[in-house]
Amino acid sequence: IQEEIEDYYWDFIVTSDHGEFFERGEYGHDTPLLYDPVIRIPLMVFAPGQSQRVDVHAPTSSADVLPTLLSLAGKDVPNGEGRPLPGLGGSEDAERPVFSVEAKQVSAFLPLSRASISMVKGTKKMIHYKGYEKYPDAFELYDLQADGEEKRDLFLQDTVTAAKMKQELLDYLSQAETT
């Protein structure tokens, strides 16, 4: 029986749709805050014939799961938001923005009138709160390499990076809402 088991590939993926947040007065995942404890999720891919561990440290998205599976299966990967993961058919792109959105109280068929949107690009992270009473139109900027706990908002200090990332995030948001 052992020989028969070794002949089969044991491929599978382990992931989640969100993390958990137990700090800053928030508990669980029902929060508009998009700090890393909420948006960083486990993703383990056991690919066919894989014999070594491959760690990916570049920002990735749940949208990358399907393109990664298609790439591993030798299928065409359609153009779109997702890309095969680095080391599993794709390559790292430090300039690629990766987005997370929390908009549970807005219809999927309407513009995001009340939402939190984060954009990670390289080591920087911008968070935009839109339409909340406490945060009607607020932005935060973090350097994830220097401040992994996202406790030092640099939006008012690093105005050049803040302006550039704010405009890029708003451009992507505008494009998403018109398509």
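**Close-up views of a predicted model**

**View 1. The buried side chain of D64 and its partners.** With a relative accessibility of 1%, D64 counts as buried, since buried means under 20% relative accessible area. Everything shown here comes from a predicted model. You will find D64 in the loop that runs between β2 (43-46) and α3 (65-72). Two polar partners are worth picking out. The side chain of D64 reaches the backbone nitrogen of R83 at 2.9 Å, and a polar contact of 2.8 Å joins the side chain of D64 to the side chain of R96. Setting aside neighbours within four places in sequence, the residues in contact with D64 are E81, G82, R83, L85 and R96.

**View 2. Strand β5 between its two partners, β4 and β6.** Strand β5 covers residues 124-130, and 6 of its 7 residues are buried. One partner is strand β4 (residues 115-121), which pairs with β5 in the antiparallel sense over 7 bridges. To get your bearings on this pairing, look for K121, which stands opposite K124 in β5. The other partner is strand β6 (residues 137-143), and here too the pairing with β5 is antiparallel, over 7 bridges. A handy landmark in this second pairing is I127, which faces E140 in β6.

**View 3. The two hairpin turns and their glycines.** The hairpin of β4 and β5 has 2 residues between the strands, and in it G122 takes a positive phi near 65 degrees. The hairpin of β5 and β6 has 6 residues between the strands. In that hairpin, the residue to look at is G131, with a positive phi near 85 degrees.

**View 4. Helix α4 and its buried side.** Does the span of this helix agree or disagree with its number of residues? At 1.5 Å a residue, the 20 residues of α4 (residues 159-178) should span 28 Å, and the end C-alpha atoms are indeed 28 Å apart, so the two values agree. The buried residues of α4 are A162, M165, E168, L169 and L173. These residues cover an arc of only 140 degrees around the axis, which puts them on the same side of α4. Strands β4, β5 and β6 are among the elements that cover these buried residues. Turn to the face away from the buried side, and you meet the exposed residues V160, K164 and T178.

**View 5. Aromatic pairs, one tilted and one stacked.** How many aromatic pairs does a search of the whole structure find? The search finds 2. One is the tilted pair of F99 and Y172, with 4.9 Å centre to centre and 55 degrees between the planes. This pair links distant parts of the chain, as F99 sits in strand β3 (residues 98-102) and Y172 in helix α4, 73 residues apart. Both rings belong to partly exposed residues: F99 has a relative accessible area of 22%, and Y172 has one of 36%. The pair of F139 and F155 is stacked, at 5.7 Å centre to centre and 15 degrees between the planes. F139 lies in strand β6 and F155 in the loop between β6 and α4, so this pair ties together parts that are 16 residues apart in sequence. Are these two residues buried or exposed? F139 is buried, and F155 is buried as well.

Methods
Residues are numbered from 1 along each chain as its sequence is written. This is a predicted model: local features need pLDDT of at least 70, side-chain atom pairs count only at pLDDT 80 or more; totals for chains, interfaces and linings use all residues. Side-chain values use heavy atoms; hydrogens and water are left out. Helices (H or I, at least four residues) and strands (E, at least two) are DSSP runs, numbered from the N terminus. Buried means under 20% relative accessible area, exposed over 50%, partly exposed in between (1.4 Å probe, protein chains only). A polar contact is a pair of N or O atoms within 3.5 Å; within protein, one must be able to donate a hydrogen and the other to accept it, and residues adjacent in sequence count only if both atoms are side-chain atoms. Contact means heavy atoms within 4.5 Å. Two strands pair if DSSP finds at least two bridges between them. The expected span of a helix is 1.5 Å times one less than its number of residues. The arc is that of the directions from the helix axis to the C-beta atoms. Rings of Phe, Tyr and Trp (its six-membered ring) pair if their centres lie within 6.5 Å; planes under 30 degrees apart count as stacked, over 60 as edge-to-face and the rest as tilted.
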